[in-house]
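Colleague: Please take a close look at one part of this model, the pocket and cavity space, and say what lines it. Go on from there to whatever else helps to place it in the chain.

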Amino acid sequence: MHSQELSALTMAMKELLNQSQIQTASITKVQDDMRCMKDDMRIQTVNMEIMKDDMHSQTVEQENMQENMCYQARAISNMQQEIQYLRKKCSVMESSLQRVDTRQQYHQVMLKNNKWEQSPDSDDLDLYWASIQDNHSHITDAKRLLQNIKGQTSMMRHGEGNGDVYLMARTHLPYHSVFKNYWSDFTSALKDHQYMINLLHGEGATTSLKVHNAELSNDVIRMMVARNLNETHFKRLELRNNNLRAEGIEFAIKYIESNTILESFSLKQNSIKSRLHASRLCRVVGSHPSLSSVSLDWTVEEEVDGYGMLCGLMKAGWNNLKRISFCENDVTTNGNTFFSYLIATNPILEELCLDINQFNDQDAMKMAEGLKHNTNLRYLSLSDNQIGIFGWTALINAQFDSTSLNLTADMNHTCIIDGDPTRTPHSISRDVVNEFALGRSYCTPRSTSAKKLYSILSTRNKTNSNVQYFDKLPIELLPDMLESIKKYSEYHFGDETPRKAQSDVKPISIVYEILRKWDEALSAFEYINK
């Protein structure tokens with residue numbers, strides 16, 4: 001029994017020993033695995049350090065690249081600035097060379113003109129004087145014009161004056177063949193005058209050519225065309241009462257088209273009889289790069305649609321045109337509203353003169369509607385049209401409504417309307433008409449608006465009626481309202497402001513009126529609370 005137990009014990013001991021050996025082997029394997037993992041971790045740590053070093057190197061390289069890029073950008077910027085400087089310097093040098101060339105050409109022409117002599121008078125000149133010997137005023141005007149032409153020719157030939165060329169007769173003087181030599185010398189000198197003009201324009205001067213009351217016959221126009229006077233570029237051209245025919249109108253249109261520096265053009269009292277010429281003129285004006293002022297008073301004949309021509313010029317106001325004078329052209333709209341629509345589209349046009357036409361009350365009412373949307377037009381002249389009380393009422397009400405501060409604040413404050421003060425309605429204050437509607441110098445819209453608002457406040461103050469319009473005003477806005485009254489009362493301070501109206505009351509009177517009403521209201525409120 002004892003031996004059996006010992007044998008069983010021995011067997012158990014062996015089994016335990018085997019298990020212990022197995023566990024020892026497992027522990028050894030685990031230890032080996034851990035050592036392998038530690039080795040792997042050391043390797044990964046080394047790799048991470050290497051990666052960190054690589055990343056640091058890349059960061060340093062990127063920083064170096066950024067510094068290089070910034071340096072290159074600064075270098076490029078410096079080069080661009082240097083290039084711009086060199087371009088400006090080249091431009092200045094080019095301008096200087098052009099001025100030198102222009103001056104050289106001018107002096108060459110002056111040297112050539114030292115040998116110039118006036119052409120002899122026509123052999124028939126004495127016969128001409130004899131034919132008009134009974135018309136002393138005609139003789140006087142003709143002699144003055146010929147002397148004027150001779151003097152202006154000599155001035156251009158010798159480079160005298162400021163570059164302007166004026167030919168003016170007191171009354172209209174018809175062309176005669178005995179004037180041909182004078183006009184020939186004049187147009188020849190005008191051709192060479194371009195060198196002096198170019199020299200003056202380079203120095204910022206504004207030159208003008210004005211020919212008033214002297215007939216420019218087809219013979220004179222052909223002289224101008226033959227001498228390429230389209231190349232003599234004045235900045236202002238005025239042709240007035242010259243009895244231009246179709247060739248003359250054609251020359252004028254081509255001159256405008258070829259002269260890209262022309263700023264002002266007038267064709268007053270020269271008839272445009274061709275619809276084609278009227279259409280071309282509007283098209284040339286509309287596409288011109290620098291033309292800002294056009295005067296076509298008394299030019300439209302029956303064959304031409306004056307209203308259509310006016311609308312064409314108004315459309316040109318979307319470009320550079322700032323002044324249009326289209327008086328005495330018998331313009332009638334026949335109910336068409338396109339012109340009023342053009343006013344409402346707010347072109348850059350600043351001055352529009354339409355005196356002595358056929359605009360009526362309906363036209364004026366439409367213009368008034370257009371003015372409410374126009375903030376560029378500064379001057380509108382409508383004297384001697386067919387506008388009566390209703391039309392003038394609409395025009396004035398487009399600028400001033402004495403019944404409402406809000407309506408007046410939203411109205412047109414830029415445009416001065418000049419017209420017939422005798423036709424303004426009696427229901428509108430004469431002082432208001434004179435100050436806000438008729439022929440005053442330009443004032444800033446802010447000051448004009450302030451004057452209109454203060455005029456309403458002053459008128460209401462005389463009957464203590466201001467307070468009834470402010471009953472529902474929150475008391476928190478009372479300080480702002482009092483500040484506005486003070487600001488409106490100072491409308492006449494500063495430059496480009498309207499003059500002070502005699503009908504204005506002192507601002508303290510309006511303030512007292514309003515505060516007295518508020519004081520009564522607050523006292524009643526406190527009594528009710530008690």
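Modeller: What follows takes the pocket, then the cavities, and then a few helices, rings and loop residues.

The model is predicted, and local features are taken at pLDDT of at least 70. The protein has 530 residues, of which 40% count as buried. Its secondary structure comprises 16 helices and nine strands. Taking contacts between residues at least 6 apart in sequence, 82% join residues at least 24 apart.

The largest pocket holds about 440 Å³ of space. It is lined by 16 residues, and those closest to its centre are Leu405, Asn406, Tyr469, Phe470 and Met481. Three helices, α12 (405–409), α14 (445–461) and α15 (478–489), each supply at least two residues of this lining. The most comes from α15, which gives five residues. By class, eleven of the pocket's lining residues are nonpolar, three are polar and two are charged.

Two further details concern parts of this pocket. Tyr469 is among the residues closest to the pocket centre, and the charged end of Arg460 sits over the ring of Tyr469, 3.6 Å from the ring centre. Helix α14, which contributes to the pocket lining, also contains Ser458. Ser458 has a relative accessible area of 1%, so this serine counts as buried. Leaving aside residues up to four places away in sequence, Ser458 touches Ser503, Asp504, Val505 and Ile510.

Turning to enclosed space, the model has three cavities of 30 Å³ or more. The largest cavity has a volume of about 100 Å³. Its lining is made up of Leu190, Leu209, Val211, Leu216, Met224, Leu229, Thr232, Phe234, Leu237, Leu239, Phe251 and Tyr255. Two or more of these residues come from each of β2 (208–214), β3 (236–240) and α6 (246–258). Eleven residues of this lining are nonpolar and one is polar, with no charged residue.

The second largest cavity has a volume of about 40 Å³. Around the second largest cavity are Thr333, Asn336, Thr337, Phe339, Ser340, Asp363 and Lys366. Helices α9 (338–344) and α10 (361–371) each supply at least two residues of this lining. The lining of the second largest cavity has one nonpolar, four polar and two charged residues.

Helix α9 also leads to α8, since the buried residues of α8 pack against α7 (275–287), β6 (323–325), α9 and β7 (351–353). Nine of the eleven residues of α8 (306–316) are buried, so this helix is largely enclosed by the rest of the structure. The buried residues are Gly306, Tyr307, Met309, Leu310, Cys311, Gly312, Leu313, Met314 and Ala316.

The loop between β5 (293–295) and α8 holds Trp298. Although it is not a glycine, Trp298 has a positive phi, near 55°. Its relative accessible area is 46%, so Trp298 is partly exposed. Asp384 is another non-glycine residue with a positive phi, of about 60°. Asp384 is in the loop between β8 (379–381) and α11 (389–397), and it is partly exposed, with a relative accessible area of 49%.

Elsewhere in the chain, Thr153 is in helix α3 (136–157). The relative accessibility of Thr153 is 0%, so this threonine counts as buried. Not counting residues up to four places away in sequence, Thr153 touches Trp116, Asp185, Phe186 and Ala189. Thr153 and Tyr182 are 29 residues apart in sequence, with their C-alpha atoms 8.6 Å apart in space.

Rings complete the account. The whole structure has eight aromatic pairs. Ring pairs link Tyr128, Trp129, Tyr175 and Phe179 into a cluster. Trp129, a member of that cluster, also has the charged end of Lys143 over its ring, 5.4 Å from the ring centre.

To return to the request, the pocket of about 440 Å³ takes lining residues from α12, α14 and α15, while the cavity of about 100 Å³ takes two or more lining residues from each of β2, β3 and α6.

How values were computed
Residues are numbered from 1 along each chain as its sequence is written. This is a predicted model: local features need pLDDT of at least 70, side-chain atom pairs count only at pLDDT 80 or more; totals for chains, interfaces and linings use all residues. Side-chain values use heavy atoms; hydrogens and water are left out. On a 1 Å grid over the protein atoms alone, a cavity is a set of points where a 1.4 Å probe fits but cannot get out, and a pocket is an open set with protein on both sides within 12 Å along at least five of seven lines; lining residues have an atom within 4 Å of a point. Grid points are joined across faces, edges and corners, and a volume is the space filled by probe spheres set on the points. Helices (H or I, at least four residues) and strands (E, at least two) are DSSP runs, numbered from the N terminus. Ala, Val, Leu, Ile, Met, Phe, Trp, Tyr, Cys and Pro count as nonpolar, Asp, Glu, Lys and Arg as charged, and the others, Gly among them, as polar. Rings of Phe, Tyr and Trp (its six-membered ring) pair if their centres lie within 6.5 Å; planes under 30 degrees apart count as stacked, over 60 as edge-to-face and the rest as tilted. A charge sits over a ring if NZ of Lys or CZ of Arg is within 6 Å of the ring centre and within 35 degrees of the ring normal. Buried means under 20% relative accessible area, exposed over 50%, partly exposed in between (1.4 Å probe, protein chains only). Contact means heavy atoms within 4.5 Å.
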